[in-house]
Amino acid sequence: MKKTLLVALGALLPALALAQEVTLRLVSAFPENQFYVKRTVEWIEKVNKEGQGVVHINFIGGPKAIPTFEVGNAVKTGVVDMALTTGAYYTNLMPEADALKLAEVPATEQRKNGAFELINKIWAEKANMAYLARVVDFTPFHLYLNKKIDKPDLTGLKIRITPVYRDFFQAMGASVMTTAPGEVYTALERGVIDGYGWPIHALFDLNWQEKTKYRVDPGFYNAEVSLVANLDKWKALPPKARDYLNRQAIAYEAQNDFWKSYNENEKKRQAEAGIQTISFDAATSRAYVEKAKEVGWAGAIKASPQYGEQLKKVLAK
Ligand code: 173
């Protein structure tokens, strides 16, 4: 009798443990074939393996599941639990989101200087989100072109943007068009755009090198890609699951030095693929980067009189 009971218990316990496992649904605002997503899927596999009985993340997919610019709202409303996205893709929820591109302080330091707390306060208040970790850092954006320029003047050019680049490119006279990454290739192919803004890396994932002649140097800003979660879901997690997930997110963020060498290599790959660089003299280059920063913060402060200055204090150098 005793033995049968023990056997029954033994059979039941793993099932009970599994029953307590929390499942979270995660989407990506970036296309599934993009490197950010592959890297995140690997992270998810690690999370699931080491977190058996605690947390299981279900990767739902990329923009085919939820369109790029709707991912933020899906997290806010709890249609999904987590997302891999960037602030520029959810400025519809909160203009402050786009300010993370202006960070000159790395994520590890943001955790120490109050930036991380401020971001979480704003993200909670305005987008019902927990901001978990920044998983892309040390990565400049660039302007890519199919028409040659000899000075920072984009008059007469049509450039694909997201909110990241809008103020800066418009200040240089560009006419602009917002699209998700998934639409850039076709826009280039059809000649609808003369260029686009994009980080130094991850062009090849989407085959844009086939349709790109020039990269303008230097780069500007600091590309941000982060993991965010629905705040209600996050708060309702069993403490053990929340702590575990938090630790794994921090461990992912702690790998950001990876991007430094990756980006150097991407530059080489671009040159090998025949993408020529357009550069200016030292004074013009300096003015170009300064202008980007100046219009970036002016835009952030104008869009958020409430938090713009506070964000600048902890993110800018
Ligand atoms: O260009 C973009 O789509 C964009 O805003 C972005 C932001 C961070 C990483 C990659 C792209």
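Student: Which residue stands opposite Phe141 in E9?

Tutor: In this predicted model, strand E5 covers residues 141-145 and is joined to E9 by 4 bridges, the two strands running antiparallel. Phe141 belongs to that pairing, and its counterpart in E9 is Phe220.

Student: Which residue of strand E11 stands opposite Arg215?

Tutor: Strand E9 also pairs with E11, which holds residues 276-278, and here 3 bridges join strands that run parallel. Within this pairing, the residue of E11 that stands opposite Arg215 is Thr277.

Student: How many of the 7 residues of strand E9 are buried?

Tutor: Strand E9 spans residues 214-220 and is described as mostly covered. A residue counts as buried when its relative accessible area is under 20%. By that cut-off, the number of buried residues in strand E9 is 6.

Student: Which residue is joined to Pro218 by a cis peptide bond?

Tutor: Pro218 lies in strand E9. Most peptide bonds are trans. The bond in question, however, has an omega of about 0 degrees and is cis, and the residue it joins to Pro218 is Asp217.

Student: Is Asn128, in the loop between helix H5 and strand E4, buried or exposed?

Tutor: The loop that holds Asn128 lies between helix H5 (115-127) and strand E4 (129-136). Asn128 has a phi near 50 degrees, a positive value in a residue other than glycine. Because its relative accessible area is 18%, which is under the 20% cut-off, Asn128 is buried.

Student: What is the relative accessible area of Phe138?

Tutor: Phe138 lies in the loop between E4 and E5, and it has a positive phi of about 55 degrees although it is not a glycine. Phe138 is classed as partly exposed, and its relative accessible area is 30%.

Student: Which strand gives the most residues to the shell around the ligand?

Tutor: The ligand sits in the largest cavity and is surrounded by 15 residues, with Tyr89, Arg160, Thr162, Tyr165 and Trp198 as the closest. The strand covering residues 195-199 gives 3 residues to this shell, and that strand is E8.

Student: What percentage of the ligand's exposed area does the protein bury?

Tutor: Several polar side-chain atoms lie beside oxygen atoms of the ligand, including one of Tyr89 at 2.6 Å, one of Arg160 at 2.8 Å and one of Tyr165 at 2.5 Å. Taken alone, the ligand exposes 300 Å², and the share of this that the protein buries is 100%.

Student: Which residue of strand E10 stands opposite Met82?

Tutor: In strand E3, Met82 and Leu84 point one way while Ala83 and Thr85 point the other way, and all of them are buried. Strand E1 (residues 22-28) pairs with E3 in the parallel sense over 3 bridges, with Val27 having Ala83 as its bridge partner. E3 also pairs with E10 (residues 225-230), in this case in the antiparallel sense over 4 bridges. In that antiparallel pairing, the residue opposite Met82 is Ala229.

Student: What distance separates the C-alpha atoms of Ile149 and Leu231?

Tutor: Ile149 is found in the loop between E5 and strand E6 (158-161), and it is buried, with a relative accessible area of 12%. Ile149 and Leu231 are 82 residues apart along the chain, and the separation of their C-alpha atoms is 46 Å.

How values were computed. Residues are numbered from 1 along each chain as its sequence is written. This is a predicted model: local features need pLDDT of at least 70, side-chain atom pairs count only at pLDDT 80 or more; totals for chains, interfaces and linings use all residues. Side-chain values use heavy atoms; hydrogens and water are left out. Buried means under 20% relative accessible area, exposed over 50%, partly exposed in between (1.4 Å probe, protein chains only). Two strands pair if DSSP finds at least two bridges between them. A residue is near a molecule or strand if one of its heavy atoms lies within 4 Å of it. A polar contact is a pair of N or O atoms within 3.5 Å; within protein, one must be able to donate a hydrogen and the other to accept it, and residues adjacent in sequence count only if both atoms are side-chain atoms. Accessible areas come from the Shrake-Rupley method with a 1.4 Å probe; for residues, only the protein chains shown count as cover. On a 1 Å grid over the protein atoms alone, a cavity is a set of points where a 1.4 Å probe fits but cannot get out, and a pocket is an open set with protein on both sides within 12 Å along at least five of seven lines; lining residues have an atom within 4 Å of a point. A molecule sits in a cavity or pocket if more than half of its atoms lie within 2 Å of its grid points.
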